[in-house]
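Visitor: I have a structure to look at and plenty of "why" questions. Can you take me through the terms one by one?
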Number of protein chains: 2
Amino acid sequence: MTDVLQRESASSVEVDRLAVDTLRFLAADMVQAANSGHPGMPMGAAPMAWALWSRHLRHDPSAPDWADRDRFVLSAGHGSALLYGLLHIFGYGLPEEELRRFRQLGSRTPGHPEFGHTPGVECTTGPLGQGLGMAVGMALAERMTHARHPELTDHHTYAIVGDGCLMEGISHEAASFAGHLGLGRLIVLWDDNSITIDGAVDRSCSDDQPVRFAAYGWHTQTIEDGTDVEAIDAAISRAKADPRPSFIAVRTVIGHGAPGVEGTPKAHGSPLGESVLAQAMQQAGWEYPPFAVPEQVRATCTALAAAGAQEHADWRAAYSALEAGAPERAAEIRRAQDRTLPDGVGDALAKVIADAPRATRQSSQACLTELTRLMPELVGGSADLSGSTGTAIGGAIVTRADYRGSSIAFGIREFAMAAIMNGISLHGGFRVYGSTFLVFADYLRPALRLAALMRQPVIHVLTHDSIAVGEDGPTHQPVEQLESLRVIPGLQVLRPADDAQTAEAWRLALERTDGPTALILSRQALPQLPAGPAGDHPATIELVATGSESSLAAAVGDRLTAEGHVVRTVSVLDRSQYSPDPRATTISIEAGSTAGWRGLVDLAIGIDEFGTCGPGDEVLAHHGFTVDSVLARVREHLDRP
Amino acid sequence: MTDVLQRESASSVEVDRLAVDTLRFLAADMVQAANSGHPGMPMGAAPMAWALWSRHLRHDPSAPDWADRDRFVLSAGHGSALLYGLLHIFGYGLPEEELRRFRQLGSRTPGHPEFGHTPGVECTTGPLGQGLGMAVGMALAERMTHARHPELTDHHTYAIVGDGCLMEGISHEAASFAGHLGLGRLIVLWDDNSITIDGAVDRSCSDDQPVRFAAYGWHTQTIEDGTDVEAIDAAISRAKADPRPSFIAVRTVIGHGAPGVEGTPKAHGSPLGESVLAQAMQQAGWEYPPFAVPEQVRATCTALAAAGAQEHADWRAAYSALEAGAPERAAEIRRAQDRTLPDGVGDALAKVIADAPRATRQSSQACLTELTRLMPELVGGSADLSGSTGTAIGGAIVTRADYRGSSIAFGIREFAMAAIMNGISLHGGFRVYGSTFLVFADYLRPALRLAALMRQPVIHVLTHDSIAVGEDGPTHQPVEQLESLRVIPGLQVLRPADDAQTAEAWRLALERTDGPTALILSRQALPQLPAGPAGDHPATIELVATGSESSLAAAVGDRLTAEGHVVRTVSVLDRSQYSPDPRATTISIEAGSTAGWRGLVDLAIGIDEFGTCGPGDEVLAHHGFTVDSVLARVREHLDRP
């Protein structure tokens with residue numbers, strides 16, 4: 001914020017006090033009206049939120065999608081009432097009636113912040129730790145954007161995290177990654193209130209958090225009095241000045257100011273009750289009606305918002321200057337922001353289609369290599385398996401010294417990878433992919449769910465997609481993963497069978513802008529399927545397969561045809577698009593759980609047990625994935641009375 | 001190990017050198033024979049493994065299930081060839097022919113160590129970080145056993161972890177938990193070889209690991225020369241003397257001694273090749289044939305094994321003395337080890353069945369309260385949600401000052417909770433449960449999969465099991481989780497509808513000794529269903545439901561009956577046990593994904609989209625879970641031509 005405003009608001013201790021109490025009592029009022037929610041966190045964390053939003057946050061409430069705004073992530077998402085209070089007083093178009101409908105069906109103030117649902121909410125939080133992971137992704141996206149377009153990029157990412165966020169494993173992965181990449185524009189405030197749902201934090205945790213974050217290469221500070229707005233302000237200023245990512249431990253009291261409740265787990269997840277709330281107001285000298293925002297607070301926020309709008313206007317002028325001076329680059333920036341594809345994607349993908357057998361992970365690598373040339377906004381990498389997953393495409397790796405690359409070494413951190421991908425996507429300006437083995441999709445599943453919930457078009461490249469993985473054994477052989485992904489609402493799951501289908505899968509993934517895609521790819525080489533549709537000829541048997549089992553199905557089909565059956569063989573890229581032929585006996589062949597196929601076909605051939613260690617071909621044979629074994633199952637089915 | 005033996009083996013520098021090379025070349029030979037696998041880790045980590053196994057490990061290779069043995073966990077499971085080499089030379093009944101069949105179908109030497117498959121393998125590892133989590137569980141189980149039976153308990157837990165283990169988030173959760181509980185008998189050796197699959201560790205990670213572990217309250221040491229057996233031995237001795245859990249960073253060279261390959265990612269996951277292997281042997285002065293174990297090494301290991309067998313005999317004598325002096329306690333110990341249930345479990349569970357409606361999480365709490373009285377070996381807790389999940393049953397909490405309790409405060413660490421549960425179960429002597437909200441089963445899924453793979457009878461209490469969660473919104477409302485659990489092979493998934501079914505679910509969970517169980521419980525109160533079976537009368541419509549939808553199904557059934565249909569309503573606890581009536585129109589009602597129901601019934605009524613924030617009843621109605629909405633769906637189905 002501008003110096004003038006900073007001094008003005010900093011000089012007004014009274015406004016600070018009023019604003020902090022406004023945020024506290026708005027939150028308590030919301031929870032009270034809903035008779036449900038979490039008042040304690042907002043009441044304790046209101047001073048740090050006010051210090052940040054009044055002294056530092058670069059934003060324009062009239063334009064929540066301004067590309068160069070600061071990002072604010074409430075990782076402790078159960079404290080949503082604090083965020084709604086901030087959005088309300090700063091004029092984000094969240095009127096009092098919405099605050100009064102906190103946690104009600106159809107309101108814009110749901111129990112946890114939901115991206116796409118409320119203007120100004122940068123990401124969906126609540127599943128603990130993921131907000132921090134997304135904030136790291138946003139901070140990385142800022143650095144990567146700055147490296148490409150420094151004249152248009154000057155923002156920070158702020159997050160407020162709770163004890164739960166810091167206990168979750170993803171906090172380790174995300175903070176370690178941020179430290180490694182030196183994401184100095186990331187500033188994390190820890191609401192250190194010593195209380196979790198079950199009681200005192202020291203019932204289950206003794207971490208020295210600042211020391212831990214220092215071990216990751218972060219700048220760390222501790223604020224002993226979490227009500228001291230000036231001290232928090234100063235700490236944030238020091239954090240901004242330091243080149244490392246910053247962790248600020250702020251000692252707070254949960255449910256601050258609520259007599260008999262503050263500092264205890266009772267303040268965490270239940271309304272204060274009318275009586276306690278009245279006492280708290282009295283104690284604070286708060287004489288306003290429910291949901292009131294004092295005029296001085298309103299005026300201060302309006303002035304701050306106006307200053308933010310001016311910064312936004314300055315930025316727009318800079319963008320216009322770029323448009324005038326470098327129209328192609330400006331258009332590229334806009335195209336990436338809009339998530340539209342450049343010309344030539346179809347032609348580029350057509351180039352990868354060849355004749356020789358190869359693994360679809362290799363087909364995918366060929367696609368990625370072509371796409372990256374066309375789409376500078378396409379960035380990504382793997383959880384330390386780039387050679388295996390076909391994501392080592394030779395581009396420069398993003399480092400702390402140079403953020404211009406398009407390859408990201410996520411490290412052996414699947415969950416953070418997926419959350420960081422979400423953060424990069426939410427930041428905007430990029431399309432992002434990440435990769436690991438399909439079996440380890442289990443490690444990142446909570447972030448994939450959140451991608452689906454937030455409708456972010458991230459792309460997960462999941463390879464080594466069946467028991468054909470072979471010698472690494474059952475720990476590395478996915479069986480149930482494919483089905484478990486298909487049940488996530490809004491996740492597009494594509495399992496291509498050859499080059500052509502892999503190219504099609506990449507096209508579908510990139511054309512989708514309102515949800516995530518999982519590409520399920522083989523480790524082993526697969527033959528190229530004959531081109532052309534399966535045809536609409538009448539058939540008595542329809543064999544349907546995906547991915548690597550498509551060629552097995554074709555071979556089985558040939559044998560059945562030779563025996564006089566009229567067979568159609570279908571290789572489907574996306575099972576949700578498959579309509580079984582009602583006139584035929586339908587049989588699915590897929591090296592994975594049959595649970596979801598059983599409702600589609602008459603006979604589902606799959607694997608509903610864990611795999612086995614051994615060479616891939618032998619493992620497939622052991623579990624019945626040979627032409628003869630499948631034929632025997634088919635004949636047994638056809639011979640049933 | 002005894003002092004005499006320690007001095008003997010320590011004095012023999014030549015035997016140390018030979019033994020370390022034996023382990024290195026056994027591993028390289030295995031990988032070479034399989035033409036697949038990871039030689040680098042065993043070659044680098046052989047000295048620390050030998051230092052540990054020759055100087056410290058308390059074990060009896062002739063009795064791998066001795067309750068008071070030290071536990072050794074190879075968390076870096078891809079280094080399995082190192083473990084197989086150790087088991088081979090120490091006489092665990094893993095003959096040379098099994099080493100020669102490394103990674104082959106049906107061998108006892110699969111690509112990653114598999115519990116239950118190879119004698120001496122304490123747990124299945126490979127999915128990174130989970131070995132550390134299980135080691136923490138084993139170390140906690142040791143302390144809890146010691147607190148109850150000090151005269152029979154004197155063992156340590158050792159783990160070797162790699163860079164990948166330490167990057168994974170679960171390492172944070174598990175190490176933080178171990179530090180908090182002061183698990184001083186846990187000693188972790190870090191194979192600090194600076195290399196991951198994709199390249200140098202510093203490509204993706206800059207953590208100061210000793211500082212990080214110190215922040216968790218661990219004792220930390222660094223060994224600069226990872227080939228120095230004496231230095232590692234001394235560090236382990238210091239670690240044992242320190243009351244804190246210990247972290248020993250051991251600098252190693254991946255693929256040590258393999259010319260042109262050592263110290264590079266090439267050593268990680270590919271065979272060395274005949275030529276490099278021959279050069280490595282020549283360089284080491286190794287003149288033995290493939291898979292050879294020099295006589296001095298064999299003799300040393302035999303002597304160490306004999307000493308271990310003597311310690312085991314001493315322990316058996318102590319147990320016999322207990323049997324004589326306190327036969328009931330001895331019998332209790334044996335019963336817990338054998339996982340048999342005490343008398344009276346059925347009667348105890350019958351006590352909880354009442355008439356008033358209540359949430360099944362509360363029914364479960366009543367069951368747990370009764371069971372804990374009968375079964376001192378039943379231990380567990382929650383990921384900081386004990387008040388919500390019905391696991392706050394009033395027992396003493398395990399603390400670093402007193403491990404006698406039966407309640408464990410796992411903290412906000414779902415994934416580590418599940419891995420620690422696996423470790424406690426693998427340790428033996430306990431039945432363990434853990435709990436969180438069903439939606440957060442996603443966070444712990446990789447460890448639940450491993451429980452199923454290892455056939456460990458851990459019990460997951462997963463509550464708040466549907467969109468009826470209400471105001472916390474879609475982030476907290478499970479939709480796809482129930483189905484995603486049902487596809488995990490070997491996981492028993494039970495969703496009770498009332499007190500009687502909840503009691504039955506607990507009985508089934510406890511009677512099962514060869515695999516995990518998930519209890520899926522409601523947040524909201526549910527009516528008690530009428531007793532008795534559904535009956536075998538002919539029906540034209542069969543309504544099937546689980547858990548909270550059972551009463552909805554009953555109400556719908558009443559309406560259909562009133563309309564003249566012949567209806568059977570079935571409430572199933574375990575869907576895998578449901579056989580649809582082939583003569584009836586079958587309709588399922590469950591507030592979750594319909595994917596798995598569609599193969600079972602004619603019409604599956606469920607929810608295949610994310611939930612919505614609002615009061616629970618309104619959310620249910622919004623998604624069609626009212627009698628009228630369900631009836632409309634049923635009628636529409638029946639009216640179809």
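Guide: Start with one term: contact means heavy atoms within 4.5 Å. Keep in mind that this is a predicted model.

Visitor: Which residues of α2(A) meet α12(A) in that sense?

Guide: From α2(A) come Arg17(A), Asp21(A), Phe25(A), Ala28(A), Asp29(A) and Gln32(A). From α12(A) come Glu274(A), Leu277(A), Ala280(A), Met281(A) and Ala284(A). By class, this contact has six nonpolar, one polar and four charged residues.

Visitor: What makes α2(A) roughly antiparallel to α12(A)?

Guide: Look at the angle. Helix α2 (residues 13-34) and helix α12 (residues 274-284) of chain A pack at about 170°. Angles over 145 degrees count as roughly antiparallel. Therefore α2(A) is roughly antiparallel to α12(A). Their axes are 11 Å apart.

Visitor: Now chain B. Why are α6(B) and α18(B) called oblique to each other?

Guide: Helix α6 (residues 130-148) and helix α18 (residues 414-427) of chain B pack at an angle of about 55°. Roughly parallel needs an angle under 35 degrees, and roughly perpendicular runs from 65 to 115. The angle of about 55° fits neither, so the pair is oblique. The two axes lie 6 Å apart. The crossing of α6(B) past α18(B) is right-handed.

Visitor: What residues form the contact between α6(B) and α18(B)?

Guide: Among them are Gly133(B), Met134(B) and Leu140(B) in α6(B), and Phe415(B), Ile420(B) and Gly423(B) in α18(B). The classes are ten nonpolar, seven polar and one charged.

Visitor: On to the sheet in chain A. What makes β17 and β19 the edge strands?

Guide: Take the order: β17-β16-β18-β19, an open sheet of four strands with parallel pairing. Strands β17 (567-571) and β19 (603-605) each pair on one side only, which marks them as edges. From one strand to the next, the twist averages 20°.

Visitor: How do you know that β18(A) pairs with β19(A)?

Guide: Pairing takes at least two bridges. Three bridges join β18(A) (residues 585-589) to β19(A), so the test is met. For Ile589(A), the bridge partner in β19(A) is Ile605(A).

Visitor: Which residues of chain A have pLDDT under 50?

Guide: Residues 1-10 of chain A stay under 50. Where pLDDT is low, the predicted coordinates should not be read in detail. Chain A as a whole averages 96, and 98% of its residues score at least 70.

Note on methods
Residues are numbered from 1 along each chain as its sequence is written. Chains are lettered from A and ligands numbered from 1 in the order in which they are written. This is a predicted model: local features need pLDDT of at least 70, side-chain atom pairs count only at pLDDT 80 or more; totals for chains, interfaces and linings use all residues. Side-chain values use heavy atoms; hydrogens and water are left out. Axes are lines fitted to C-alpha atoms, for helices over the stretch in contact, and angles run from 0 to 180 degrees between N-to-C directions. Helices (H or I, at least four residues) and strands (E, at least two) are DSSP runs, numbered from the N terminus. A crossing is left-handed if the near helix is turned anticlockwise from the far one by less than a right angle, and right-handed if clockwise. Ala, Val, Leu, Ile, Met, Phe, Trp, Tyr, Cys and Pro count as nonpolar, Asp, Glu, Lys and Arg as charged, and the others, Gly among them, as polar. pLDDT is the predictor's confidence in each residue, from 0 to 100.
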